[in-house]
Amino acid sequence: MIKKVVILGFFLFLAARAGYTQEGSYERFTVDANSAVSVLQNAFTDNWESSPSLHLGTRVTYHAGNLEAGLRYTDYNVANPDYGEADFSSYFIYIGWEYPFTLYRGLTLAPGLRFGNNFISFDNPKVYPPTNGWAAYPFDPHESEFAYELIARLEYSPGNSPWRIHSGFAYNRTLTYHPLSVGLISFGISRSFATPSWLKNFLQ
Amino acid sequence: MIRLLLSILVFLCCLPWQSTAQYSAEKRDSLNTSILINPNDLLHTIPEWDAVTTDGFTYRVNTGLYGFYGPQPTIYLDDIPIDFSFFNWQNLNMLPSSIEQISRISYSSEPRVYNQTLSRAGYLNLHTPRPDSGLSVYGSFTVGNQIEDPGPWSYDSSKVTPNIDRRGPHYFSGFAYRSSGWYARGQFSLRQHQPTNLNNHHRIGNYSYVDNVWHAVKTTVTNGLAEIGYQSDRWNIRARGLSSNNEEYVFFQPFGREVPSLTGYRQLAVQAARESGPWKVSGRYLAHRKFMDYRLNNKGYDFDWQQLSHHFSLSSRYRQHNMRFRSGASLEISDTRGLQMESQQVVATLFGSLHARLHARHTLDADLNVDIAARETAASFSLSSRHQLTDGWTVEGDIDYDELLYYRQQSSTYWYRHGYTLYSQLGIGIDTPISSQRNRAGSIQLTNRIRLAPSTSFHFKGQALHHYALNIPWQVVALHEQQFQGLYTQPQDLEFTSEEGNRFNLRLGLSQQLNSRLSHQFNVMMQYTLSGTNRYRSYWQQTPQNRMTYEFNIQPASDLSFSLLTAYRSSSQWKEYQNLDGKRYRSLQPQYPLQYGTFRTRTPSFLKVDITAKKWFWNQRLATTFSVRNLLNTEVRYHTLGLDKALQFVIKASLTL
């Protein structure tokens with residue numbers, strides 16, 4: 001509990017601090033595309049194999065850091081025959097905030113926090129009892145659950161090019177009854193733009 | 001944890017920031033709605049009030065005088081009352097207003113005539129902003145979920161769990177047009193809720209297997225409103241039509257369980273006021289139509305109850321330099337039908353109040369109202385004096401005496417005595433005699449408001465309350481086991497007796513406006529039963545003795561804000577359910593494998609933390625809110641048969657054009 005309070009306090013501190021560093025808000029707009037593979041081993045990843053994830057995200061400079069939003073798609077297939085046809089697709093939609101540090105010329109490290117929803121779509125929804133007997137009760141083929149994600153992204157920008165390459169690690173936890181925890185290593189590219197005025201007006 | 005929060009609070013209070021915060025027991029000038037999902041959530045923003053829920057969507061309110069089974073507070077939307085209380089079951093989600101559009105609330109716990117209507121258990125007035133000039137359009141969307149859904153593990157027979165509650169989606173849309181003197185507006189809302197938590201789903205889900213199909217266990221509320229108004233220097237005229245349909249599960253206390261029902265409400269209101277010099281004259285006509293109809297269920301339960309009532313009222317106000325006087329009268333004519341019952345009631349109310357400023361620092365208020373029905377009358381009066389002792393210290397003393405007609409108590413036993421046969425349909429026995437007494441109570445209270453610093457206000461109120469007679473419905477349900485279906489509650493004989501006792505309420509409030517972007521407030525409410533009959537003591541054990549809230553708001557940038565709301569509630573005891581204590585209930589049979597829970601008559605104490613982030617876009621036209629409720633994921637339960645609210649997340653978006 002103390003840990004959660006400290007995290008919350010830190011979060012509020014950063015939020016308060018953000019108010020005093022407003023220069024540059026909405027000036028740069030970045031689009032990220034990457035692919036990720038699962039590296040963490042646990043009961044969930046032992047029983048479901050994931051395809052490489054596809055991720056599309058956006059970032060915009062906002063006060064002390066970057067505000068971000070995006071979508072990640074992952075396909076999961078049953079690895080344990082005990083679970084039958086429990087294949088499903090996952091769509092993680094999030095918003096987040098990150099704080100980039102410059103490590104070296106052109107090289108930045110950005111830790112961040114994302115909150116979102118993990119939409120799950122089952123290929124073959126379960127029916128109880130399995131034999132389709134009296135009063136068959138089909139489960140909903142769609143599920144959605146709250147998820148949070150801690151990220152650390154290393155990004156390199158060669159010279160003044162708007163193109164960048166990045167690699168990162170993300171720890172994602174979906175808060176189902178038995179939480180789904182995955183660790184992802186990603187590789188991808190980014191392209192930044194000066195934020196067009198219409199978009200800046202919208203974001204403000 | 002509590003020590004830590006108190007330390008932070010004391011530290012912040014010691015900081016010498018500027019600006020002034022005013023706190024008032026009766027009014028709150030602005031409302032932070034970002035953390036609220038639906039209108040029922042407003043009930044938790046009032047420190048003196050407590051609310052319990054069995055489904056997380058509808059609530060019973062205790063405003064301090066009558067407890068959870070007494071009459072509910074009267075709800076006003078922009079000063080016009082709405083009466084959608086059904087046997088003391090009231091669902092604020094039937095309001096056709098977006099929570100984001102409620103800019104201010106005012107409330108009182110005192111049973112007074114307010115805006116020409118007797119508010120028998122206090123009132124809550126929701127104020128929406130006046131429409132902007134020209135055409136304006138508004139829309140909002142809210143959706144939420146509670147964690148611990150089964151996810152892919154539902155395929156593992158050892159790990160399956162029932163799905164957990166979904167909140168929403170709620171949709172709201174509205175338009176308004178305002179010219180120089182007049183305006184028109186229309187509003188529509190759709191609210192949905194899926195009470196799938198095991199604690200209550202095993203009871204209400206059991207009703208849904210009809211014609212070999214499991215129907216969705218879902219509450220759906222659709223509301224609409226149309227209003228026109230004209231305002232000039234002297235005239236204020238408004239006409240409003242309102243409609244609400246609510247497909248829900250009414251928790252019917254005499255039954256000890258939910259009953260599927262379609263509740264509905266229609267309103268037609270015309271109101272006019274004219275001001276001339278020191279005089280103001282107001283008149284109003286209100287028509288309410290309430291009904292409770294059949295909702296699909298496999299038991300054939302049907303309230304089949306409807307009421308049409310007409311309310312006429314006229315009042316005048318006279319104001320001079322140091323004095324204000326109000327008086328008026330209202331007449332209520334209602335026609336009620338249910339099953340084989342047909343009943344007519346006529347109640348007239350006379351009311352008057354006086355506000356006198358005896359000195360620049362001393363004021364006196366007196367209030368009197370008399371309710372006159374066919375066979376009995378009920379009178380209420382209050383006397384209060386307010387004294388500003390220093391520039392920053394105000395003391396107020398109040399003496400109250402209140403009577404409440406049996407008809408006004410809104411008890412289902414009243415209709416039973418008039419021939420309503422619902423009890424026999426539901427298998428509820430009656431332990432006679434049934435009390436038909438008026439409720440009678442007297443109280444003395446002392447309020448202190450102290451400005452500790454330019455930015456800090458302290459509020460302290462003590463109230464001693466004596467119930468000369470308080471009618472309490474009491475249903476000690478039995479355990480009912482049905483093969484293949486599980487364990488449920490079964491009603492036994494309902495008792496409705498007049499009880500006597502003493503209560504003491506204490507409230508502390510501390511608020512600080514650190515600057516225009518930072519504010520916080522702390523409230524403590526303590527309520528104790530000092531003496532009384534056994535039933536009286538048992539009844540008030542449903543109410544927690546101690547409640548605390550701490551709210552912190554920060555707006556680091558003009559387009560971004562954060563809120564933190566912490567609430568503590570001590571445990572409560574529901575003795576009506578003592579026969580169930582320790583027994584195991586289980587999920588519906590088709591949700592294999594069966595899941596189990598345990599009935600507990602004691603709801604646990606809990607500490608709940610909610611955080612909210614709000615970001616505006618497009619020059620404040622678009623607002624998005626992200627909330628995490630019950631961040632610590634503690635067991636948040638208000639009613640012994642109620643759901644266990646775990647961590648939830650809520651997303652809201654609203655657009656104003």
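# Salt bridges, cores and a surface patch in a two-chain model

I would like to begin inside chain A, where Asp32(A) and Arg59(A) are both buried, a word I use for a relative accessible area under 20%, with exposed meaning over 50% and partly exposed lying in between, computed with a 1.4 Å probe and protein chains only. Before going on, I should say that this is a predicted model, in which local features need pLDDT of at least 70 and side-chain atom pairs count only at pLDDT 80 or more, while totals for chains, interfaces and linings use all residues. Residues are numbered from 1 along each chain as its sequence is written, chains are lettered from A and ligands numbered from 1 in the order in which they are written, and side-chain values use heavy atoms, leaving out hydrogens and water.

Returning to that pair, Arg59(A) and Asp32(A) form a salt bridge, with 2.6 Å between the closest N and O atoms; the term stands for a side-chain nitrogen of Lys or Arg within 4 Å of a carboxyl oxygen of Asp or Glu. Arg59(A) sits in strand S3 (residues 53-62) of chain A and Asp32(A) in strand S1 (residues 28-38) of chain A, so the pair links distant parts of the chain, 27 residues apart. Helices (H or I, at least four residues) and strands (E, at least two) are DSSP runs, numbered from the N terminus. Both residues also belong to a network of salt bridges that links Asp32(A), Arg59(A), Glu98(A), Arg153(A), Glu155(A) and Arg164(A).

Over all chains, a search of the whole structure finds 37 salt bridges, and I have picked out two from chain B. In one of them, Glu258(B) pairs with Arg203(B), the closest N and O atoms being 2.7 Å apart. Because Glu258(B) lies in strand S19 (residues 257-276) of chain B and Arg203(B) in helix H2 (residues 198-204) of chain B, this salt bridge ties together parts that are 55 residues apart in sequence. Glu258(B) is buried, at a relative accessible area of 2%, and Arg203(B) is buried as well, at 0%.

In the other, Arg408(B) forms a salt bridge with Glu332(B), and 2.9 Å separates the closest N and O atoms. Arg408(B) comes from the loop between strand S26 (393-404) and helix H3 (412-417) of chain B, and Glu332(B) from strand S22 (residues 323-338) of chain B, so that parts 76 residues apart in sequence are tied together. Arg408(B) counts as buried at 9% relative accessibility, and Glu332(B) counts as buried at 9% too.

Let me turn to the nonpolar interior. The largest nonpolar core has 81 residues, and those with the most contacts inside it are Leu124(B), Leu126(B), Phe252(B), Phe303(B) and Trp305(B); such a core is a set of buried Ala, Val, Leu, Ile, Met, Phe, Trp, Tyr and Cys residues joined through side-chain atoms within 4.5 Å. Leaving aside residues up to four places away in sequence, Phe252(B) touches, among others, Phe87(B), Val259(B), Phe303(B) and Leu426(B), where contact means heavy atoms within 4.5 Å. Apart from that core lies another, of 35 residues, including Leu510(B), Leu622(B), Leu647(B) and Phe649(B).

Where does Ile434(B) lie? Ile434(B) is found in the loop between strand S27 (429-430) and strand S28 (439-453) of chain B, and with a relative accessible area of 11% this residue is buried. Ile434(B) and Phe496(B) are 62 residues apart in sequence, yet their C-alpha atoms are 5.2 Å apart in space. Beyond four places in sequence, Ile434(B) touches Tyr406(B), Thr413(B), Tyr416(B), Arg417(B) and Phe496(B).

On the surface, Phe202(A) joins residues of chain B, among them Leu135(B), Phe175(B), Trp182(B), Ile237(B) and Trp618(B), in a nonpolar patch with about 1,100 Å² of accessible area together. Patches are built from residues with over 30% relative accessible area and no salt bridge, like charges being joined within 9 Å and nonpolar side chains (Val, Leu, Ile, Met, Phe, Trp, Tyr) within 5 Å, and accessible areas come from the Shrake-Rupley method with a 1.4 Å probe, only the protein chains shown counting as cover for residues. Strands S12 (134-146), S13 (166-178) and S18 (235-252) of chain B are the elements that give two or more residues to this patch. Ile237(B) lies in strand S18 of chain B and, at 33% relative accessibility, counts as partly exposed.

Finally, the chains as wholes. Chain A has three helices and 12 strands, and 42% of its 204 residues count as buried; chain B has five helices and 42 strands, with 60% of its 657 residues counted as buried. The mean pLDDT of chain B is 87, and 91% of its residues reach 70 or more, pLDDT being the predictor's confidence in each residue, from 0 to 100. Over residues 8-29 of chain B, however, pLDDT stays under 50, although the model has 64 contacts for them beyond four places in sequence. Where pLDDT is low, the predicted coordinates should not be read in detail.
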